[in-house]
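Here are some notes from my read-through, set out as numbered points. I hope they are handy with the model open beside you.

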Amino acid sequence: MKYLTNEKLTIVGAGGMIGSNMAQTALMLGLTPNICLYDIFEPGVHGVAEEMYHCGFENANITWTVDPAVAFKDAKYIVSSGGAPRKEGMTREDLLKGNCQIAAEFGDYIKQYCPDVKHVVVIFNPADVTALTALIHSGLKPSQLTSLAALDSTRLQSNLAKEFGVPQSSVTGAHTYGGHGEQMAVFASQVKVDGKPLAEMGLSPERFAEIKQNTIQGGSAIIKLRGRSSFQSPAYCAIKMIEASMGGAKFTLPAGTYVNNEKYKNVMMAMPTTIDATGVHFVAPTGTPEELAALDASYAHLCKMRDEIIELGIVPAVADWKAMNPNL
């Protein structure tokens, strides 16, 4: 089997459902034979490793560990789902304090053991703020670390495809920006269905409002249906992001990226992005005044969560970020 690279990929939280799916997906896509599975729960990560061995992937070098020094050493790519999962009745924001403390430790491990890592993807919620925390603590360049935001866009795309009875790939331009949470900004003005603008599809404002709400609550719906948080879709999208950073097909769905420009200051937020072997790049979104206002509101919500973790002492005041990470 030909692999995209031989460089080390470390999967953090590998004993969980997202982590185990990421390991299998990375091997099935042929990203790298050198995969290290890391978790603090020994039976879980050991069990995942045994299952990977039983798959019999050709030339695979799968290792597992509960020691961060072993897991992070020489890693060139890292993807982490290593936070507490969301349970029924919880919002992503409910996980703020505990998961940001985990993200701070995660960033410290990167700085200590693998400062030469090429790309890092953060999945665990609230992903915008856990990724920001990890970035500050890691010392990495903003182009080297992204968070998973694509699920909001694929959920919008899926809902529109079901509405019009078309294959999901026939719906283009269905994107959400800003925060990955209840305050996401849903952009519809660029959507096309089989090449036809959504505005010409006869969708009533009331029905679109329902579709928008279904998109925002997409993760909650999975929890109610399956009794646990999403794991297959985040695993697949995150590994496709890593694939792009390894030089595979570019990843063009929105990703969470560090933004500090004339309008949005010192936050991680979903933007129109492209991930490739040089990292993540973003441009300003195009939308209606209402969509851009929704993005501004989402940004304000992200600033509030950022300020909360500053008050908790998990990250320093914005003015002191550069002392911890000279790349910011």
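1. In which strand does Val 259 lie? Val 259 belongs to strand S12, residues 255-259. Please keep in mind that this is a predicted model. Val 259 has 0% relative accessibility, so it counts as buried. Leaving aside residues up to four places away in sequence, Val 259 touches Tyr 264, Lys 265, Asn 266, Val 267, Met 269, Met 271 and Phe 282. You may also like to look at Pro 142: it is 117 residues from Val 259 in sequence, yet the two C-alpha atoms are 8.4 Å apart in space.

2. From Val 259 it is an easy step to Met 269. With residues up to four places away in sequence again left out, the contacts of Met 269 include Val 259, Asp 128, Gly 178, Tyr 264 and Leu 302. Met 269 is also one of the residues that touch the most other members of the largest nonpolar core, which has 47 residues. Phe 72, Ile 78, Phe 106, Ile 110, Val 120 and Leu 145 are the others listed with it. Helix H4 (residues 96-113) provides the largest share of this core, seven residues. Another core, of 38 residues, lies apart from it, with Leu 31, Val 48, Ile 62 and Leu 148 among its members. In soluble globular proteins, nonpolar side chains tend to be buried together.

3. Next, the strands. S1 (residues 9-12) and S2 are paired in the parallel sense through four bridges, and Leu 9 has Ile 35 in S2 as its bridge partner. Strand S2 (residues 34-38) has four of its five residues buried, so the rest of the structure largely encloses it.

4. There is also an open sheet of three strands, ordered S7-S10-S11, with antiparallel pairing. Strands S7 (171-172) and S11 (196-197) are at the edges with a single partner strand each, so one side of each has no neighbour in the sheet. S10 (residues 192-193) is joined to S11 by two bridges, and Lys 192 sits opposite Pro 197 of S11.

5. Which residues lie nearest the centre of the second largest pocket? They are Arg 155, Ser 158, Gly 218, Ile 222 and Ser 233, out of 19 lining residues. The pocket holds about 350 Å³ of space. Its lining draws at least two residues from each of helices H6 (150-164), H7 (205-216), H8 (218-226) and H9 (232-245), and H6 gives the most, six. By class, the lining has 10 polar, six nonpolar and three charged residues.

6. Helix H8 deserves its own point. Its buried residues are Gly 218, Gly 219, Ser 220 and Ile 223, and H6 and H7 are among the elements that cover them. Just after H8, Gly 227 adopts a positive phi of about 80°.

7. Finally, some backbone details to check in the loops. Asn 125 and Pro 126 are linked by a cis peptide bond, with omega near -10°; Pro 126 is in the loop between strand S5 (119-122) and helix H5 (127-138). Asn 59, though not a glycine, has a positive phi of about 60°. Asn 59 is in the loop between helix H2 (42-55) and strand S3 (61-65), and is exposed, with a relative accessible area of 54%. Asp 74, not a glycine either, has a positive phi of about 65° and is found in the loop between helix H3 (68-72) and strand S4 (77-80).

Notes. Residues numbered from 1 in each chain as written. Predicted model: local features only at pLDDT ≥ 70, side-chain atom pairs only at ≥ 80, totals over all residues. Heavy atoms only, no water. Core = buried A, V, L, I, M, F, W, Y, C linked by side-chain atoms within 4.5 Å. Buried < 20%, exposed > 50% of the residue type's maximum accessible area, 1.4 Å probe, protein only. Contact = heavy atoms within 4.5 Å. Pairing = 2+ DSSP bridges. 1 Å grid on protein atoms, 1.4 Å probe; cavity = no way out; pocket = protein on both sides within 12 Å on 5 of 7 lines; lining within 4 Å. Points joined across faces, edges and corners; volume = space filled by probe spheres on them. Nonpolar A, V, L, I, M, F, W, Y, C, P; charged D, E, K, R; others polar.
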